[in-house]
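Please read these notes with the model open beside you. Take the points in order and find each residue as you go.

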There are 2 protein chains.
Amino acid sequence: MTDLKTGINPLFLRDEELRQAIELLFFAYRDFTAEPDAILAAYGFGRAHHRVIYFVGRHPGMTVSDLLAILKITKQSLSRVLGQLVEEGFVTQRTGARDRRQRLLELTEKGLELERQLTERQRARFARAYREAGAEAVEGFRQVMLGLIDDADRPRFPTKNPGRR
Amino acid sequence: MTDLKTGINPLFLRDEELRQAIELLFFAYRDFTAEPDAILAAYGFGRAHHRVIYFVGRHPGMTVSDLLAILKITKQSLSRVLGQLVEEGFVTQRTGARDRRQRLLELTEKGLELERQLTERQRARFARAYREAGAEAVEGFRQVMLGLIDDADRPRFPTKNPGRR
DNA sequence: GCCAATATGTCAACATGACTGACTTAAAAA
DNA sequence: TTTTTAAGTCAGTCATGTTGACATATTGGC
């Protein structure tokens with residue numbers, strides 16, 4: 001049970017390591033979202049609006065279904081924030097060409113501006129963390145994070161080195 | 001601006017890389033919290049209760065102030081969930097010995113049991129991700145995550161290799 | 001062309017978890 | 001003795017999620 005040489009229980013080490021992992025995720029997420037939250041508050045928006053703005057900015061012309069699949073919330077929940085964003089001129093909806101039932105989402109110029117403002121802070125935070133950690137650490141980070149994500153959404157992240165190792 | 005050999009704009013690559021980082025964090029957090037949420041619902045609890053149970057389990061005898069500093073919520077917000085947890089016998093409060101104004105928090109046997117049940121799922125998720133990614137990737141993950149966290153809370157994570165490099 | 005399935009939207013009621021602001025109590029520290 | 005600190009409380013509000021029921025327009029299968 002206990003390593004005779006070091007006097008340290010390897011099972012305890014594993015538990016400590018995994019708890020630290022859990023906490024790293026908690027603290028990182030907490031601090032990562034705090035900055036945008038402050039900006040959003042000035043617009044009378046919240047984190048939910050940020051997510052919509054981010055993903056619509058990332059995938060212009062995406063459908064409501066696409067967005068729901070990413071956010072994993074009900075359409076009633078999405079409806080409120082999306083409605084506000086359309087109402088206030090940050091997002092536009094246009095009818096799909098192939099499938100006229102679909103509403104294709106896009107950011108307006110105003111929406112793009114807010115998206116840039118919000119994402120810029122988060123990009124800067126990652127840029128700093130990446131730079132300080134180095135390229136090798138970044139690759140490790142990506143692998144571990146990908147391992148945390150449910151299989152269904154992993155294909156969203158193309159492998160960097162297809163023929164790695 | 002554009003690399004003549006590859007025809008790829010390095011600024012675009014950087015933007016793409018940083019956006020993927022943002023999304024890795026979003027999807028990982030989303031999926032990481034989904035499992036415990038389902039368990040908590042059976043107890044009539046939510047994510048807020050989980051956080052309290054987790055950190056009290058992690059730091060038995062911690063004060064209310066300590067907990068507030070970690071969660072970064074108001075004491076009124078904490079009050080409700082903590083009150084419920086005490087009421088229903090998952091957490092106990094005892095008066096501090098040195099400072100009798102403090103309420104030292106601890107999990108009851110019942111609380112410990114729930115904590116184990118919740119944390120077990122999250123530990124398993126990280127254990128799998130860590131195992132699949134390998135030791136080197138884990139160290140990279142730790143470095144990047146630490147870089148995302150505000151300076152104030154980094155000392156919570158002791159350096160693994162004090163004399164690294 | 002009819003009909004079922006799909007994409008989207010809407011109304012209503014409710015739960016959770018956060019907030020601000022004002023105030024109280026008990027104990028420690030100055 | 002007075003001030004500060006740790007904790008708690010009451011009241012009201014807001015943001016964001018839920019379920020359930022239903023409506024509309026359009027597509028796709030037979």
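Is B:T63 buried or exposed? Keep that in mind for point 1. One caution before we start: this model is predicted.

1. B:T63. This residue is buried, because its relative accessible area is 10% and the cut-off for buried is under 20%. Look for B:T63 in the loop between helix 2 (47-58) and helix 3 of chain B. Now look past its neighbours within four places in sequence. There B:T63 is in contact with B:Q102, B:R103, B:L104 and B:L105.

2. From that neighbour to the DNA. B:R103, one of the residues in contact with B:T63, also has a link to DNA strand D. A backbone N or O atom of B:R103 lies 3.4 Å from a phosphate oxygen of the strand. Note that the atom on the protein side belongs to the backbone.

3. Two side chains at the DNA. What does B:S65 put beside a phosphate oxygen of DNA strand D? A polar side-chain atom, at 2.2 Å. B:K75 also uses a polar side-chain atom, but its partner is a base oxygen of DNA strand D, 2.3 Å away. So one pair involves a phosphate oxygen, and the other a base oxygen.

4. The surroundings of DNA strand D. How many residues surround this strand? There are 24, and the closest are A:R51, A:S77, A:R80, B:S65 and B:K75. Both chains appear in that list. Of the atoms of DNA strand D that come within 4 Å of the protein, sugar and phosphate account for 53%.

5. What kinds of residue are there? The surface near DNA strand D has eleven charged residues, ten polar ones and three nonpolar ones.

6. Which helices take part? In chain A, helix 2 (47-58) and helix 4 (75-87) each supply at least two residues of the surface near DNA strand D. In chain B, helix 3 (64-71) and helix 4 (75-87) do so as well. Helix 2 of chain A gives the most, with four residues.

7. A loop residue to check. A:K72 lies in the loop between helix 3 (64-71) and helix 4 of chain A. Its phi is near 55°, a positive value in a residue other than glycine. Is A:K72 buried or exposed? It is exposed, because its relative accessible area is 51% and the cut-off for exposed is over 50%. In chain B, B:K72 sits in the loop between helix 3 and helix 4. B:K72 has a positive phi of about 55°, although it is not a glycine.

8. The build of chain A. Count six helices and two strands. Along the sequence, the pattern reads α-α-α-α-β-β-α-α. Of the 165 residues of chain A, 44% count as buried. The chain exposes about 9,100 Å², and carbon and sulfur atoms supply 52% of that area. Now take contacts in chain A between residues at least 6 apart in sequence. Among these, 44% join residues at least 24 apart.

9. How the two copies relate. A turn of 180° and a shift of 0.0 Å along the axis lay chain A on chain B, with an RMSD of 0.0 Å. The two copies are therefore related as by a two-fold rotation axis. Which residue of chain A has the C-alpha nearest the axis? It is A:F141, with its C-alpha 1.9 Å from the axis. The same surface serves both copies, and 100% of the contact residues of chain A recur in chain B.

Definitions and conventions. Residues are numbered from 1 along each chain as its sequence is written. Chains are lettered from A and ligands numbered from 1 in the order in which they are written. This is a predicted model: local features need pLDDT of at least 70, side-chain atom pairs count only at pLDDT 80 or more; totals for chains, interfaces and linings use all residues. Side-chain values use heavy atoms; hydrogens and water are left out. A residue is near a molecule or strand if one of its heavy atoms lies within 4 Å of it. A polar contact is a pair of N or O atoms within 3.5 Å; within protein, one must be able to donate a hydrogen and the other to accept it, and residues adjacent in sequence count only if both atoms are side-chain atoms. Ala, Val, Leu, Ile, Met, Phe, Trp, Tyr, Cys and Pro count as nonpolar, Asp, Glu, Lys and Arg as charged, and the others, Gly among them, as polar. Buried means under 20% relative accessible area, exposed over 50%, partly exposed in between (1.4 Å probe, protein chains only). Contact means heavy atoms within 4.5 Å. Accessible areas come from the Shrake-Rupley method with a 1.4 Å probe; for residues, only the protein chains shown count as cover. Copies are superposed by least squares on the C-alpha atoms of residues with pLDDT of at least 70 in both.
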